[in-house]
Amino acid sequence: MGDIVKFTDMTSYPYYDETFENIGVVQYAGNHFYITNRNAVDMEDLVDERDNTMNCEVIGNIFDNPELLEGV
């Protein structure tokens, strides 16, 4: 808990495709992990269906790197 992660989300609409870089904090509640500070991304969007792994990178934590969350 408290890890800061970076992940990519792809939004597709009939006439609109865009990739977003997002940063969020890993939290734990009610027997599951989730990522806060998400901009309209579902947790299942982070799972690579080919090998069932999470598609995100730990870039720090809230205690040592709070500056990573500035503006999020």
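**Entry 1: burial and surface**

I began by looking up how much of the protein chain is hidden, and I noted that buried residues make up 22% of its 72 residues. I keep in mind that this is a predicted model. For the outside, I wrote down that the chain exposes about 5300 Å², and that carbon and sulfur atoms supply 48% of this area.

**Entry 2: confidence**

I then looked up the pLDDT, which averages 76 over the protein chain, with 60% of the residues scoring at least 70. Among the elements, I found the lowest mean in strand β5 (residues 53–54), at 66, and the highest in strand β6 (residues 56–61), at 92. I added a caution to myself that predicted coordinates should not be read in detail where pLDDT is low.

**Entry 3: the elements**

Which elements does the chain hold, and in what pattern? I counted 0 helices and 6 strands, and reading along the sequence I wrote the pattern as β-β-β-β-β-β. I also looked up the contacts between residues at least 6 apart in sequence, and 43% of these join residues at least 24 apart.

**Entry 4: Tyr-28 and its surroundings**

I turned next to Tyr-28, which I located in strand β2 (residues 16–29). Is Tyr-28 buried, exposed or partly exposed? I recorded it as partly exposed, because its relative accessibility is 40%, and the range for that class lies between 20% and 50%. Leaving aside neighbours within four places in sequence, I listed Met-1, Phe-33 and Tyr-34 as the residues in contact with Tyr-28. I checked the pair with Met-1 further: Tyr-28 and Met-1 are 27 residues apart in sequence, while their C-alpha atoms are 6.5 Å apart in space.

Phe-33, another of the contacts of Tyr-28, has its place in strand β3 (residues 32–36). I noted Phe-33 as exposed, because its relative accessibility is 52% and the class begins over 50%. Together, Met-1, Tyr-28 and Phe-33 make a nonpolar surface patch of about 380 Å².

**Entry 5: Asn-61**

My last look was at Asn-61, which is found in strand β6, the element with the highest mean pLDDT. Asn-61 counts as buried because its relative accessible area is 19%, and buried means under 20%. I followed its side chain to the backbone nitrogen of Asp-64, which the side chain of Asn-61 reaches at 2.7 Å. Which residues does Asn-61 touch, not counting those up to four places away in sequence? I wrote down Gly-2, Asp-3, Ile-4 and Pro-66.

Terms used. Residues numbered from 1 in each chain as written. Predicted model: local features only at pLDDT ≥ 70, side-chain atom pairs only at ≥ 80, totals over all residues. Heavy atoms only, no water. pLDDT = per-residue confidence, 0-100. Helix = DSSP H or I, 4+ residues; strand = E, 2+ residues; numbered from the N terminus. Buried < 20%, exposed > 50% of the residue type's maximum accessible area, 1.4 Å probe, protein only. Contact = heavy atoms within 4.5 Å. Areas by Shrake-Rupley, 256 points an atom, 1.4 Å probe, with all protein chains shown as cover. Patch = residues over 30% accessible without salt bridge, like charges linked within 9 Å, V, L, I, M, F, W, Y side chains within 5 Å. Salt bridge = Lys/Arg side-chain N within 4 Å of Asp/Glu carboxyl O. Polar contact = N/O pair within 3.5 Å; in protein donor to acceptor, adjacent residues only side chain to side chain.
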